[in-house]
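Let's take a walk through this one, charge by charge and then cysteine by cysteine. Keep the structure open beside you as we go.

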Amino acid sequence: MKKTFVDKDACIECALCYTDYDSIYEVAGDGKAQAGPDNSKILDTPDLEKTAEEAKENCPSDAIIIEEA
């Protein structure tokens, strides 16, 4: 199983992930993206994993991280 989170230092606040992939990512109080309320989301279905991979591919600042949970 994998999980995703956002590297807050790399995030440029472009809003792509939480606009286009809002089933996983959301905007935090600082205007940057995060994966769920605590910036970590388990990708427990093939659909979520596919969505996260697509978001990672499209992130202009490479801020989306996916790793083994």
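K8 is partly exposed, because its relative accessibility of 24% falls between the 20% and 50% limits. This is a predicted model, by the way, so read everything that follows as describing a prediction. The partner to look for is D30: K8 makes a salt bridge with D30, and the closest N and O atoms are 3.5 Å apart. Follow the chain and you'll see that the two residues sit in distant parts of it, with K8 in the loop between β1 and α1 (16–20) and D30 in the loop between β2 (25–27) and β3 (33–35), 22 residues apart. D30 also counts as partly exposed, at 45% relative accessibility.

Now swing over to K2. Which residues are linked with K2 in a network of salt bridges? They are E49 and E53. Take E49 to begin with: the closest N and O atoms of the salt bridge between K2 and E49 are 3.7 Å apart. K2 belongs to strand β1 (residues 2–6) and E49 to helix α2, so this pair ties together parts that are 47 residues apart in sequence.

Then there's E53, whose salt bridge with K2 has its closest N and O atoms 4.0 Å apart. Here too a residue of helix α2 meets one of strand β1, so the pair of E53 and K2 ties together parts 51 residues apart in sequence. How open are these side chains to the outside? K2 is partly exposed at 22% relative accessibility, E49 is partly exposed with a relative accessible area of 26%, and E53 counts as partly exposed at 32%. Over the model as a whole, the count of salt bridges comes to four.

Stay with helix α2, which covers residues 46–58, and find E54 in it. E54 joins D20, D22 and E57 in forming a negative surface patch. Why can E54 be part of such a patch? Patch members need over 30% relative accessible area and no salt bridge, and E54 clears the area limit because its relative accessible area is 38%, which makes it partly exposed.

On to the cysteines. How many disulfides does a search of the whole structure find? The answer is zero. Take C17, which is in no disulfide: its nearest cysteine sulfur belongs to C11 and is 6.2 Å away. A disulfide would need the two sulfur atoms within 2.5 Å, so at 6.2 Å the C17 and C11 sulfurs don't qualify. C17 is buried, with a relative accessible area of 9%.

C59 tells a similar story. This cysteine is in no disulfide either, and the nearest cysteine sulfur, that of C14, lies 5.8 Å away. Is C59 buried or exposed? Buried, because its relative accessibility is 12%, and the limit for that label is under 20%.

One last stop is G36, in the loop between β3 and β4 (41–43). At 8% relative accessibility, G36 counts as buried. Look across from there to T4: G36 and T4 are 32 residues apart in sequence, and their C-alpha atoms are 9.4 Å apart in space.

Definitions and conventions
Residues are numbered from 1 along each chain as its sequence is written. This is a predicted model: local features need pLDDT of at least 70, side-chain atom pairs count only at pLDDT 80 or more; totals for chains, interfaces and linings use all residues. Side-chain values use heavy atoms; hydrogens and water are left out. Patches are made of residues with over 30% relative accessible area and no salt bridge: like charges are joined within 9 Å, nonpolar side chains (Val, Leu, Ile, Met, Phe, Trp, Tyr) within 5 Å. Accessible areas come from the Shrake-Rupley method with a 1.4 Å probe; for residues, only the protein chains shown count as cover. A salt bridge is a side-chain nitrogen of Lys or Arg within 4 Å of a carboxyl oxygen of Asp or Glu. Lys and Arg count as positive and Asp and Glu as negative; His and the chain ends are not counted. The place of a charge is taken as NZ of Lys, CZ of Arg, CG of Asp or CD of Glu. Helices (H or I, at least four residues) and strands (E, at least two) are DSSP runs, numbered from the N terminus. Buried means under 20% relative accessible area, exposed over 50%, partly exposed in between (1.4 Å probe, protein chains only).
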